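Please open the model in your viewer and keep the sequence panel beside it. The stops below move from the whole chain to single residues, with a selection to make at each one.

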Amino acid sequence: MIDNLKAMIDEAMHRLESVASLEDAENLRVKILGKKGELTEMMKSMKDMAPEQRKEFGAVANEARTRIEKTISDKMDYFRELKKQAEFAAETIDVTEPGIVTPLGAKHLISITIDEISRVFMDMGFSVAEGPEVETVFNNFDALNAGPNHPARDITDTFYITDDVLLRTQTSSVQVRTLLAKKPPIKVIAPGRCFRCDTPDATHSPMFHQVEGLVVGEGITMADLKGVLDSFAKQMFGPDSRTKFRPHHFPFTEPSAEMDVSCFKCGGAGCNICKGSGWIEILGCGMVHPNVLKVGGIDTEKYTGFAFGMGVERIAMLKYGVDDIRLLYENDIRFIRQFK
Ligand SMILES: [Zn+2]
């Protein structure tokens with residue numbers, strides 16, 4: 001009987017040596033030490049043995065049991081560790097490997113220019129107002145003192161959606177919205193997109209951008225207009241810039257003027273940018289017409305104001321030396337990237 005036991009133990013130890021996985025070790029444990037395991041079965045047979053024989057058999061069997069348990073436990077630890085190492089290896093991140101480069105975009109020149117203009121005016125205490133691109137005929141023309149016979153209202157110049165609704169031809173419509181929504185003092189700029197029936201060429205586009213400005217308060221005069229816009233020119237085009245105002249006509253301002261800035265390329269001597277004159281036309285401006293203030297219910301005896309509007313494309317093209325407005329809308333990445 002004891003020989004059978006010893007043979008069984010030798011066999012078990014031999015099999016344990018060739019265990020190759022965690023599963024193998026567990027299977028073998030059940031097979032030898034489980035409820036119906038080989039060693040367990042043998043130990044059950046002890047109850048039929050004589051006391052002397054049982055003592056010796058029991059000692060051998062218990063010693064074997066401890067040894068086998070320890071061996072299996074060591075094997076299992078070994079395979080668990082192996083498995084953990086393999087998992088670590090699979091999850092390793094090589095921090096020295098080059099990353100996936102996301103190409104960075106660049107701000108469009110129109111956005112850059114609007115941001116520059118806005119920053120100058122915001123530094124002077126202006127806030128930014130916005131209005132819709134689809135506008136009423138009233139806000140775009142009537143309220144701005146451009147009566148039924150004004151030439152800009154012609155269908156050859158303006159995109160009409162219905163008789164009363166159009167694509168705004170100027171950001172001046174935001175003046176009307178602001179006057180209706182706010183009480184003086186008012187100090188806003190309104191950058192935005194405008195539309196006119198123009199055939200695209202080097203200097204015309206049916207879609208373009210303007211920045212509008214409106215100031216309304218007590219005691220606002222032409223001197224305020226000139227001071228603000230001269231300061232704007234110096235911040236936008238350089239501290240040596242000079243400005244001059246030429247009389248002009250707009251229906252919504254009286255008196256009206258156009259402002260020229262001394263050429264920022266030649267300084268006034270004359271060059272191809274200023275076409276030899278030394279001056280560059282930058283914007284239109286004037287004192288807000290009382291009829292426009294009245295639309296907003298503003299007391300024209302108490303309040304006066306000034307307004308101005310400038311073309312963003314024109315300023316961008318002059319400042320960055322772009323010679324064709326269409327380049328701004330072709331979305332050619334090689335063009336856009338230059339202004340990063
Ligand atoms: Zn010049």
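The domain bounds used here come from an automatic or database domain assignment. In this predicted model, that assignment divides the protein chain into domain 1 (2–91) and domain 2 (109–339), and the centres of domain 1 and domain 2, taken over C-alpha atoms, are separated by 93 Å.

**The whole chain**

Begin with everything selected and the C-alpha trace shown: along the principal axes, the C-alpha atoms fill a box of roughly 130 × 45 × 40 Å. The radius of gyration of the protein chain is 44 Å, whereas a compact globule of 340 residues would have one near 20 Å. Switching to a cartoon brings up 11 helices and 9 strands, and 31% of the 340 residues count as buried.

**The sheet**

Next, colour the strands. In what order do the 7 strands of the open sheet stand? The order is E1-E4-E5-E9-E8-E7-E6, with mixed pairing. Strand E1 (127–128) and E6 stand at the edges with a single partner strand each, so one side of each has no neighbour in the sheet.

Select residues 243–250 and 253–262, which are strands E6 and E7, and you will find them paired in the antiparallel sense over 7 bridges; they form a hairpin with 2 residues between them, and Lys 244 stands opposite Asp 260 in E7. Adding strand E8 (residues 279–288) shows another antiparallel pairing, in which E7 and E8 share 8 bridges, with Trp 279 in E8 as the bridge partner of Ser 262. Further along, E8 pairs with E9 in the antiparallel sense over 5 bridges, and there Cys 285 stands opposite Phe 308 in E9.

**Helices across the sheet**

Now select residues 222–237, helix H8, which lies across E5, E6, E7, E8 and E9 and runs at about 150° to E8. Helix H7 (residues 173–181) should come next: H7 lies across E4, E5 and E9, at about 35° to E5. H7 is mostly covered, with 7 of its 9 residues buried, and the elements that cover those buried residues include strand E2 (134–136), helix H6 (137–140), strand E4 (186–195) and helix H9 (290–295).

**The nonpolar cores**

Show side chains for Val 216, Leu 229, Ile 282, Cys 285 and Phe 306, which touch the most other members of the largest nonpolar core, a set of 58 residues. The largest share of this core, 7 residues, comes from helix H8. Another core, of 12 residues, lies apart from it, and among its members are Ile 9, Ile 32, Phe 57 and Ala 64. To see the surroundings of Val 216, select its contacts beyond four places in sequence, namely Pro 184, Pro 185, Ile 186, Val 288, Ile 298, Tyr 303 and Gly 305.

**A last stop at Gln 210**

Finally, centre the view on Gln 210, whose place is in strand E5. Is Gln 210 buried or exposed? Gln 210 counts as buried because it has 24 C-beta neighbours inside 10 Å, where the cut-off for a buried residue is 20 or more. Its C-alpha atom is separated by 5.7 Å from that of Gly 192, although the two are 18 residues apart along the chain. Leaving out residues up to four places away in sequence, Gln 210 touches Gln 170, Thr 171, Gly 192, Cys 194, Gly 309, Met 310, Gly 311 and Val 312.

Definitions and conventions:
Residues are numbered from 1 along each chain as its sequence is written. This is a predicted model: local features need pLDDT of at least 70, side-chain atom pairs count only at pLDDT 80 or more; totals for chains, interfaces and linings use all residues. A nonpolar core is a set of buried Ala, Val, Leu, Ile, Met, Phe, Trp, Tyr and Cys residues joined through C-beta atoms within 7 Å. Helices (H or I, at least four residues) and strands (E, at least two) are DSSP runs, numbered from the N terminus. Two residues are in contact if their C-beta atoms, placed from the backbone, lie within 7 Å. Two strands pair if DSSP finds at least two bridges between them. The radius of gyration is taken over C-alpha atoms; the globule rule is 2.2 Å times the number of residues to the power 0.38. Axes are lines fitted to C-alpha atoms, for helices over the stretch in contact, and angles run from 0 to 180 degrees between N-to-C directions.
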